[in-house]
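Let us take a first walk through this fold. Questions come first, with short answers after each.

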Amino acid sequence: MLVTGAGGPSGVCFLRALDGVAERYAADLDPNGAGLYLVPRAYRMLVPPGGAPGYAEAVLRLCERHGIDVLVPTVDVELVALSRAAAAFEAAGVRVLVSPADALETCLDKWRLAEACRGAVRLPDTRLVGAGDAPGVEGGFPAVAKPRSGSGSRGIVVVRSPDELAAIPQDGSYLLQEFLPGTEYSVDVLTDGNGRVVAAVPRARDKTDSGVVVAGRVLDLPELSGLAEDAVRTLGLRGVLNVQVRENRAGKAALLEINPRPPGGMSLTVSAGVDMPKWAVAALLGLPVPERIAHRETAVVRHWQDVVLAPRELGDMGDATEAARHEGEGDREAAA
């Protein structure tokens, strides 16, 4: 199994969960990524940026070189390219834990997501800024302006008046959304190989750091689980993913966004009894998966865990050929 984005919390969670179950390879853009050092040197890889031309081909070469059976991508920017290359990976005997490309592109564009889910799940009132819509949303100001694309909270601003709204780009790259004042939740979702939801686990994000939950509670909230399942079925998503919701003024949860890859807080769900990494890989390999996997309510506080190395080992990769190839191509393009 090869996990990309090994420096992030979802990559680390996958690698830890499959310890002793699979032969684990780890890849990242950054040689300091912590997850790289959860595996021996020979199993560490450096990769080009996920949005670089030829990224999928570079990862496929790594998979062929090392006899990888299962590829687990965990970074937004690499998903579409890997999904579109799924047939080439399958021909090489590599199963990829990724949703169909069209569904991914819908999730990664917040306006397309709102349009696709309208009528299927509860949504905040959403308008495209500069598209000729009325300059405001249900509930008036304050409202939330956010880029159509991008992850985390980057670019999101609260606008409190028409004048502040006028300062937002009016070219259709931003959307304006009804302000939801209630509690925000994440729902981690697992499907089988056919897209059937087998687990939907809500958790409260009690404390976050740089967008990643560091303290939270896993809860039994069927309404939230149902909303997340409806969204996943509507879009045809597969694998392990995350649905973010927030309560509106009436206390009813509405869809905020969908992260169509393993979430950074997935270790909370594993602690609650749903080992999504193991079940996801089992489903990908065609092994039987339960009809439904129940979770238990629990609370988790997360902390840093050191990986102690010899000084010479930091940055020492077993395979950096594809990253080096990309750097060489970049140098040639710059020279041209």
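What follows is a set of questions on strands, helices and cores.

Q: What kind of model is this, and how are its residues numbered?
A: Side-chain values use heavy atoms, without hydrogens and water, and residues are numbered from 1 along each chain as its sequence is written. Local features need pLDDT of at least 70 and side-chain atom pairs pLDDT 80 or more, while totals for chains, interfaces and linings use all residues, since the model is predicted.

Q: In which sense do strand 11 and strand 12 pair?
A: Helices (H or I, at least four residues) and strands (E, at least two) are DSSP runs, numbered from the N terminus. Two strands pair if DSSP finds at least two bridges between them. Strand 11 (residues 197-209) and strand 12 (residues 212-218) have 6 bridges, and their sense is antiparallel.

Q: Which residue takes a positive phi in the hairpin of strand 11 and strand 12?
A: D209 stands opposite V212 in strand 12. The hairpin has 2 residues between the strands. The one with a positive phi, near 55 degrees, is S210.

Q: Which residue of strand 15 stands opposite V218?
A: Strand 12 also pairs with strand 15 (residues 298-301), antiparallel, over 4 bridges. Opposite V218 stands T298.

Q: What is the order of the open sheet of 4 strands?
A: Its pairing is antiparallel. The edge strands, each pairing on one side only, are strand 6 (126-128) and strand 8 (157-159). The order is 6-9-7-8.

Q: How do the axes of helix 1 and helix 10 cross?
A: Axes are lines fitted to C-alpha atoms, for helices over the stretch in contact (heavy atoms within 4.5 Å); angles run from 0 to 180 degrees between N-to-C directions. Helix 1 (residues 9-17) and helix 10 (residues 276-284) have axes that come within 8 Å and cross at roughly 75 degrees. Angles of 65 to 115 degrees count as roughly perpendicular. So helix 1 to helix 10 is roughly perpendicular.

Q: Which helix supplies the largest share of the largest nonpolar core?
A: A nonpolar core is a set of buried (under 20% relative accessible area, 1.4 Å probe, protein chains only) Ala, Val, Leu, Ile, Met, Phe, Trp, Tyr and Cys residues joined through side-chain atoms within 4.5 Å. The largest has 38 residues, and those with the most contacts inside it are M1, F14, L190 and M276. Its largest share, 5 residues, comes from helix 1.

Technical notes:
Angles under 35 degrees count as roughly parallel, over 145 as roughly antiparallel, 65 to 115 as roughly perpendicular and the rest as oblique. Buried means under 20% relative accessible area, exposed over 50%, partly exposed in between (1.4 Å probe, protein chains only).
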